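Visitor: I have not looked at this one before. Can you take me through some parts of it?

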Amino acid sequence: MTYFSLAHALLSSIALISFNDTIATNAEPEFYMADQSNVAIRGYDVVSYFNAPTPMMGNPNFSHVYGGVTWLFSNEKNLFKFREDPEQYVPQYRGYCVWAISKGRLTGGDPTLSKVLDGKLYLLCSQEALDNWMKDPYTHIERANRNWEELMKLHPEK
């Protein structure tokens with residue numbers, strides 16, 4: 001192999017790696033983010049919803065990229081728990097409001113208005129939505145499950 005062909009192969013590899021990185025970082029996030037900062041659910045630690053009395057803010061020193069967005073955690077223990085099984089902790093319906101979805105609408109969830117039910121995290125968009133949802137959460141989850149796929153077809157950009 002000549003010096004020229006070796007240099008060409010190396011440059012081609014670098015270009016391919018750069019191209020793949022660009023694709024990965026420019027992809028649409030899988031999860032809803034209120035501030036478009038690429039930090040999931042406004043920086044709250046999703047594991048803390050399951051193991052603390054109230055949700056805690058995450059710390060950028062304990063972060064992990066999953067689903068196209070950055071997740072922040074309040075401590076190293078929560079970061080490791082998330083890395084072991086992220087699907088156990090991520091909010092249902094990409095973080096959109098479960099109440100709104102049950103009514104056929106897409107509305108962003110508020111991480112300060114949430115409920116863990118049967119080991120799953122649900123975000124809601126307002127105190128009124130939370131209060132209404134809590135009157136019969138299982139019926140609303142059933143309706144949301146029926147509406148979710150159709151809403152994603154109608155709003156593929158989400």
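What follows is a short chat about one helix, two cysteines and the nonpolar cores.

Visitor: What kind of model is this, and how are residues numbered?
Guide: It is a predicted model, where local features need pLDDT of at least 70 and side-chain atom pairs count only at pLDDT 80 or more, while totals for chains, interfaces and linings use all residues. Residues are numbered from 1 along each chain as its sequence is written, and side-chain values use heavy atoms, with hydrogens and water left out.

Visitor: Where does His140 lie?
Guide: His140 is in helix H7, residues 137-154. Helices (H or I, at least four residues) and strands (E, at least two) are DSSP runs, numbered from the N terminus.

Visitor: Buried or exposed?
Guide: His140 counts as buried because its relative accessibility is 7%. Buried means under 20% relative accessible area, exposed over 50%, and partly exposed in between (1.4 Å probe, protein chains only).

Visitor: What is His140 in contact with?
Guide: Setting aside neighbours within four places in sequence, His140 is in contact with Trp99, Ser102, Lys103, Asn132 and Trp133. Contact means heavy atoms within 4.5 Å.

Visitor: Which other residues of H7 are buried?
Guide: Among them are Pro137, Ile141, Ala144 and Trp148. The buried residues of H7 pack against helix H5 (98-102), strand E3 (110-117), strand E4 (120-124) and helix H6 (127-135).

Visitor: Where does H7 bend?
Guide: At Asn147, by about 35°. That is the angle between axes fitted to the seven residues ending there and the seven starting there.

Visitor: New topic. How many disulfides does the structure hold?
Guide: The structure has 0 disulfides. The term stands for a pair of cysteine sulfur atoms within 2.5 Å.

Visitor: Why no bond for Cys97?
Guide: Its closest cysteine sulfur, in Cys125, is 3.3 Å away, so it is too far for a bond. Cys97 is buried, with a relative accessible area of 0%, and Cys125 is partly exposed at 26%.

Visitor: And the largest nonpolar core: which residues touch the most other members?
Guide: Of its 19 residues, those are Tyr93, Val98, Ile101, Tyr122, Leu124, Trp133 and Ile141. H7 gives the most to this core, with 5 residues. A nonpolar core is a set of buried Ala, Val, Leu, Ile, Met, Phe, Trp, Tyr and Cys residues joined through side-chain atoms within 4.5 Å.

Visitor: What lies apart from this core?
Guide: Another core, of 15 residues, lies apart from it, including Val69, Trp71, Leu121 and Leu123.
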